[in-house]
Amino acid sequence: MKQNRWGLYAIAVAIAVVGALALGVPVGTLTILGLAMACPLMMFFMMRGMHDQDTHDGRDRDRSRSGRP
């Protein structure tokens with residue numbers, strides 16, 4: 001059973017940002033870090049979502065069994 005945990009992720013990110021600001025990390029640095037992490041995180045979530053889908057049709061399975069290209 002899958003549970004929606006977006007709220008917990010948002011709380012964790014908020015705690016990390018507030019903690020970094022409390023330690024004296026500049027806002028500009030956090031912004032650049034967030035932009036740099038956006039691409040890998042989007043790719044991670046997109047690839048994770050693809051595991052629920054079967055993208056192959058029956059013809060691909062028949063070819064792999066027969067050994068023909």
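**Y9 and the helices around its patch**

Trainee: Is Y9 buried or exposed, or somewhere in between?
Mentor: Y9 is partly exposed, because its relative accessible area is 40%. Buried is under 20%, exposed over 50%, partly exposed in between (1.4 Å probe, protein chains only). This is a predicted model, where local features need pLDDT of at least 70 and side-chain atom pairs 80 or more, while totals for chains, interfaces and linings use all residues. Numbering runs from 1 along each chain as its sequence is written, and side-chain values use heavy atoms, without hydrogens and water.

Trainee: Which element holds Y9?
Mentor: Y9 sits in helix α1. Helices are DSSP runs (H or I, at least four residues; strands are E, at least two), numbered from the N terminus.

Trainee: And how many helices and strands in the chain?
Mentor: There are 3 helices and 0 strands, in the order α-α-α along the sequence.

Trainee: Which residues make up the nonpolar patch on the surface?
Mentor: W6, Y9, L33, M37, L41, F44 and F45, with about 720 Å² of accessible area together. Such patches take nonpolar side chains (Val, Leu, Ile, Met, Phe, Trp, Tyr) within 5 Å, over 30% relative accessible area and no salt bridge; like charges are joined within 9 Å. A salt bridge puts a Lys or Arg side-chain nitrogen within 4 Å of an Asp or Glu carboxyl oxygen.

Trainee: Which elements give two or more residues to that patch?
Mentor: α1 and α2 (27-50) do. The largest share, 5 residues, is from α2.

Trainee: Where does α2 bend?
Mentor: At A38, by about 35 degrees, and the proline P40 follows within four residues. The bend is the angle between axes fitted to the seven residues ending there and the seven starting there.

Trainee: Anything on the backbone just after α1?
Mentor: G24 has a positive phi of about 100 degrees there.

Trainee: What share of the chain counts as buried?
Mentor: Of its 69 residues, 1%.

Trainee: Where is confidence lowest, and where highest?
Mentor: Helix α3 (residues 58-66) is lowest, with a mean pLDDT of 54, and α1 (residues 6-22) is highest, at 91. pLDDT is the predictor's per-residue confidence, from 0 to 100. The chain averages 79, and 70% of its residues score at least 70.

Methods:
Accessible areas come from the Shrake-Rupley method with a 1.4 Å probe; for residues, only the protein chains shown count as cover.
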